[in-house]
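The exercises below are meant for a reader who is meeting this structure for the first time. Please work through each task with the sequence and the structure in view before turning to its solution.

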Amino acid sequence: MVTESLRALSCDSPDGLISIEQACSRAAAYASAIQEHEEVSLSHALGRTLALPVKSVLPLPPFHQSAMDGYALTAGDGLPSGATLAIAGRMAAGDEEQPLPQGNALRILTGARIPQGADAVVMQENVVSGSGRIVLTRMVRSGDNIRRCGEDVQAGEVLLQPGERIDARHVALLAAQGYERTCVRRRVRIGILSTGNELRSQGERLTEASFFDSNRPMIIALARQSGADVLDGGIVRDDPQLIAGALSDLARRCDLIVTTGGVSVGDEDHSMTALLAAGGRGETLRIALKPGKPGVVGAIERTTYLGLPGNPVAALVSWLLLGSAVLAILDGRQARPLSGMRLPLMHAFNRRLGRTEFAPARVVQTDRGTAVEILGRGGSARLKPLAAADGLVRIEPLHAPVAEGDELMFHPFRDGFSV
Ligand SMILES: Nc1nc2c(c(=O)[nH]1)N[C@H]1C(S)=C(S)[C@@H](COP(=O)(O)OP(=O)(O)OC[C@H]3O[C@@H](n4cnc5c(N)ncnc54)[C@H](O)[C@@H]3O)O[C@H]1N2
Ligand code: MOO
């Protein structure tokens, strides 16, 4: 096995395969951050990237408030179980403050302002009430069940940094501060086209040797999931001049152009030639990645170019890795690694050493707990296993063969699937 491993490695290394990290930084080197900002209402902020820091204008909570339904009282150095207090009034959330006479308690509900003089709230479960009074059944201490003004957020502190991708949690924080609008970066504009004489758009008639383009709809969907505006460049035939024309046209209107197909070594692989003919610059990559070995990265003036492989699973994996690195730069964000967890593989998986491999996999429950099962092994052109999978497993270059029970990193599609 060792001899076979060494042979596999020595085959790959002279090929000059670069690591995923090197490929991502090569791709990212052709991108620079979009500078334009715009103001959007909070209801349109989801998925957008903050352009400026957000400072708090209010302490949160804005006043001392009750954390429980119960009774507000003055505990001082502590009120023992058995202490009896008259109920002097009632305050629900949103009510004006009521006076609290010394030695009394005030019926109080969660979220209500703590009245002057009170320093604790006793939960209603910890009293016996009746005839307008309460008897404590537990010791009550000063500070019990009170949310203090500013304990969450202090006025004037920086709450969110530029580059933060706004999700529901950030919307909640901005809303709690009373912000109606927020300043975000302009959406990234991505032009997407497919190359290949064999490809047809949905609705077109298929010939004997043609089939429907699935990459462009997939990349459009992925780009939209990541919050970009998309320009659909259609299908372009395998002709370097035609592809160059389409690239020049998109370069005038987009921050990033993504093509699929034509990045390998075949006679009809024209991405690099077309990029140069369009006045661009760039390089062909050969990455220690399976699927997704070939790729072209570059730029036409200020527009970044990403040429992804034609095989659909390869296109998807390359987009998740290279696409996310480029988008992070364009959008002024930190590139986030795909989220994931380690899970055991439920079966052995034989493979060659040398490349990082991503494979569609589903989560299964076995007698020994949660595990993953690889689907449609090795098929970088197969869509059905991809659609049936819960995510991708990542196998490291030197992990071969993979034994049953070996732990692999599993990246679920639902989190981190948009880049
Ligand atoms: N001699 C070699 N041949 C190949 C190598 C290699 O190293 N040496 N690499 C293989 C790998 S790995 C991949 S991945 C592909 C990448 O090829 P291209 O990016 O040049 O893509 P094409 O040849 O144009 O297409 C590959 C495959 O994918 C189909 N395809 C293309 N576009 C679409 C689309 N929009 N929707 C659906 N399917 C698409 C295309 O018909 C081909 O079947 O090269 C290997 N070859
Ligand atoms: O690496 Mo290709 O990208 O196997 O499908």
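**Exercise 1.** How many residues surround ligand 1, and which are the closest?

*Solution.* Keep in mind throughout that this is a predicted model. Counting the shell around ligand 1 gives 26 residues, and the closest of them are N215, G261, S264, P309 and G310. The next step is to ask which elements supply two or more residues to this shell, and these are α4 (215-225) and α7 (312-330). Sorting the shell of ligand 1 by character, one finds nine nonpolar, 12 polar and five charged residues.

**Exercise 2.** Which residues lie around ligand 2, and how do they divide into nonpolar, polar and charged?

*Solution.* The residues around ligand 2 are K290, P291, G292, K293, P309, N311, A314 and S380. Divided by character, the shell of ligand 2 holds three nonpolar, three polar and two charged residues. P309 deserves a second look, since it is listed among the closest residues of ligand 1 and also among the residues around ligand 2.

**Exercise 3.** Where does the largest nonpolar core lie, and which residues have the most contacts inside it?

*Solution.* Begin with the general tendency that, in soluble globular proteins, nonpolar side chains tend to be buried together. In this model the largest nonpolar core has 77 residues, and those with the most contacts inside it are A27, L247, L322 and V326. Helix α7 provides the largest share of this core, namely 15 residues. To place the core, note that domain 1 (10-36 + 186-330) and domain 4 (341-412) both give residues to it, so the core lies between these two domains.

**Exercise 4.** What is the strand order of the open sheet that contains β16, and which strands are at its edges?

*Solution.* This open sheet has six strands in the order β16-β13-β17-β21-β20-β18, and its pairing is mixed. The edge strands, each of which pairs on one side only, are β16 (229-236) and β18 (281-286). Neighbouring strands here are turned against each other by 15 degrees on average, when direction is ignored. Following the edge strand β18 inwards, one finds that it pairs with β20 (residues 294-300) in the antiparallel sense over six bridges; E283, for example, has V297 in β20 as its bridge partner.

**Exercise 5.** What is the strand order of the open sheet that contains β7, and by how many degrees are its neighbouring strands turned on average?

*Solution.* The six strands of this open sheet run in the order β7-β4-β6-β5-β9-β8, again with mixed pairing. At the edges are β7 (120-123) and β8 (127-130), each pairing on one side only. The average turn between neighbouring strands of this sheet is 35 degrees, direction ignored. At the edge formed by β7, the partner is β4 (residues 70-73), which pairs with β7 in the antiparallel sense over four bridges, and within this pair Y71 stands opposite V122 of β7.

**Exercise 6.** Which of the words buried or exposed applies to S131, and which to N145?

*Solution.* First locate the two residues: S131 is in the loop between β8 and β9 (133-136), whereas N145 is in the loop between β9 and β10 (146-147). Neither is a glycine, yet S131 has a positive phi of about 50 degrees, and the phi of N145 is near 60 degrees, which is positive as well. Next count C-beta neighbours, using the rule that 20 or more within 10 Å make a residue buried and 12 or fewer make it exposed. S131 has 7 such neighbours and therefore counts as exposed. N145 has 22 other C-beta atoms within 10 Å and is therefore buried.

**Exercise 7.** Where are the prolines P61 and P401, and what kind of peptide bond joins each to the residue before it?

*Solution.* P61 is found in the loop between β2 (54-55) and β3 (65-66), and a cis peptide bond with omega of about -10 degrees joins L60 to P61. P401 has its place in the loop between β25 (391-395) and β26 (407-412); here a cis peptide bond links A400 and P401, with omega of about -10 degrees.

Methods: Residues numbered from 1 in each chain as written. Chains lettered and ligands numbered in written order. Predicted model: local features only at pLDDT ≥ 70, side-chain atom pairs only at ≥ 80, totals over all residues. Pairing = 2+ DSSP bridges. Axes fitted to C-alpha atoms, helices over the stretch in contact; angles between N-to-C directions. Near = placed C-beta within 6 Å. Nonpolar A, V, L, I, M, F, W, Y, C, P; charged D, E, K, R; others polar. Core = buried A, V, L, I, M, F, W, Y, C linked by C-beta atoms within 7 Å. Domains from an automatic or database assignment.
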